[in-house]
Amino acid sequence: MRDLSLHILDLAENSVRAGASLLVVSIEEDPVQDRLTIVVEDNGSGLAVTPESATDPFYTTKKGKRVGLGLALFKGTVEQAGGRLVIDRSEHGGVAVKAEMQLRHIDRNPLGDLAATLSSVVCTNPGLDICCRLSVGEVKRVIQVSQVARQLPENARHSLAVARRVSEEINAALTELRATA
Amino acid sequence: MKLSEITRALELVNLTPELEATTSEREITLGHVSDLLSDVLGYAPAGGVLVTIQVHLNVIAVAVHSDLAAVIFASDRVPEETVLERSIQEGLPLYSSNRSAFEIVGRLYEMGLRGREE
Ligand SMILES: Nc1ncnc2c1ncn2[C@@H]1O[C@H](COP(=O)(O)OP(=O)(O)OP(=O)(O)O)[C@@H](O)[C@H]1O
Ligand SMILES: [Mg+2]
């Protein structure tokens, strides 16, 4: 996965499969500590196995598949950027996947198009509540992604319009954060 | 071209001799070179050989998922023992070479192997 956002998309898919109705994506850039932290958590069924097994690329509960790559590849990406991946229980009841990387590591993948990623998750999962917390240094923004989508007039709530609106909101927050921080 | 002919011509070190009997007759006509696993997932042709410097267990899983015939680790890279064992379980033969990926791929191309076109 070239972009971290694509890993986030994989994690969101895992949460949806685990029956989650809530998805919280937090992205924290700390330029002083040179750290990038990404946390994806849900209120789904929780892990049936240990975190070690879940990150094994040959572990999957998908039928008819020999490999389960989402968590394993994310772990690889994170470790390549001098970081570590921790999988825990989330305070929301499901799984919390927490990745810490060195922000300026030469092999750290770019975040990529987070706005496009989250808007595609919203569009494909209308029943899912998605919350996105962004912070750069001390400055923070919280975007209730699903609410942004629901605030659109009913007759304009088709996926293209939702995607555009959500993207605008997230991109605006990111631009503002980077400018202020 | 048989896998055994490739390993002989390129003087590859066989990291999974346990699989020799079952895999050396594999016909190889395609190849891919990459260290980015999402690129391997997206573009490596089934039945082909992968040349890479990544030695992580994830390479094995991705190669199995993509139905690759073998993996050649370039620049003297060798995976850990546990990775070799998993690959043997999965029936995926692994080789290493002291040559760079560029040199290995050049030789494979000369022998007639081709990459995915466009
Ligand atoms: N958020 C989650 N909640 C509950 N179980 C999870 C969660 N994320 C992963 N799992 C479990 O861990 C397994 C491995 O996940 P992983 O994303 O690595 O692979 P996969 O989803 O099975 O396959 P792939 O990601 O390659 O499509 C899943 O099959 C599932 O059983
Ligand atoms: Mg997955």
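**Figure 1. Gly70(A) and its neighbours hold polar atoms close to ligand 1.** In this predicted model, a polar backbone atom of Gly70(A) is 3.1 Å from an oxygen atom of ligand 1. Gly68(A) also takes part through its backbone, with a polar atom 3.3 Å from a ligand oxygen. Thr61(A) uses its side chain instead: one of its polar atoms lies 2.6 Å from an oxygen atom of ligand 1. How much of the ligand does the protein bury? Taken alone, ligand 1 exposes 600 Å², and 91% of that is buried by the protein.

**Figure 2. The surroundings of ligand 1.** Look next at the space that ligand 1 takes, which is the largest pocket. Two elements of chain A each give two or more residues to the shell around the ligand: α1 (4–17) and α3 (70–80). Which of the elements gives the largest share? That is α1(A), with 3 residues. There are 18 residues around ligand 1, and those that come nearest are Asn14(A), Thr60(A), Thr61(A), Lys62(A) and Leu69(A). By type, the shell divides into 7 nonpolar, 7 polar and 4 charged residues.

**Figure 3. The hairpin of β5(A) and β6(A).** Here you can follow strand β5 (residues 129–136) of chain A as it pairs with strand β6 (residues 139–144) of chain A. The two are antiparallel, and 6 bridges link them. To find one such bridge, start at Leu134(A) and look across to its partner in β6(A), Arg141(A). How many residues lie between the strands of this hairpin? There are 2, and Gly137(A) in the turn has a positive phi of about 60 degrees.

**Figure 4. The hairpin of β3(A) and β4(A).** Another hairpin in chain A joins strand β3 (residues 84–89) to strand β4 (residues 95–102), with antiparallel pairing over 6 bridges. Arg84(A) is a handy landmark, as it stands opposite Glu100(A) in β4(A). Between β3(A) and β4(A) there are 5 residues. Gly93(A), in the turn, has a positive phi of about 110 degrees.

**Figure 5. An open sheet in chain B.** Now turn to chain B, where 5 strands form an open sheet in the order β1-β5-β4-β3-β2, with mixed pairing. Why do β1 (13–14) and β2 (31–33) of chain B each have one side without a neighbour in the sheet? They stand at the edges and each has a single partner strand, so one side of each is left free of a neighbour there. For β1(B), antiparallel pairing with strand β5 (residues 94–96) of chain B runs over 2 bridges. Within this pair, Val13(B) stands opposite Ser96(B) in β5(B). As you trace the strands, keep a general rule in mind: in a regular strand, side chains alternate between the two faces of the sheet.

**Figure 6. Two loop residues of chain B with positive phi.** Asp67(B) is not a glycine, yet its phi is positive, at about 60 degrees. You will find Asp67(B) in the loop between α4 (57–65) and β4 (70–73) of chain B. Ser75(B), also a residue other than glycine, has a positive phi near 55 degrees. Where is Ser75(B) placed? Its place is in the loop between β4 and α5 (81–90) of chain B.

How values were computed. Residues numbered from 1 in each chain as written. Chains lettered and ligands numbered in written order. Predicted model: local features only at pLDDT ≥ 70, side-chain atom pairs only at ≥ 80, totals over all residues. Heavy atoms only, no water. Near = heavy atom within 4 Å. Polar contact = N/O pair within 3.5 Å; in protein donor to acceptor, adjacent residues only side chain to side chain. Areas by Shrake-Rupley, 256 points an atom, 1.4 Å probe, with all protein chains shown as cover. 1 Å grid on protein atoms, 1.4 Å probe; cavity = no way out; pocket = protein on both sides within 12 Å on 5 of 7 lines; lining within 4 Å. Sits in = over half its atoms within 2 Å of the grid points. Helix = DSSP H or I, 4+ residues; strand = E, 2+ residues; numbered from the N terminus. Nonpolar A, V, L, I, M, F, W, Y, C, P; charged D, E, K, R; others polar. Pairing = 2+ DSSP bridges.
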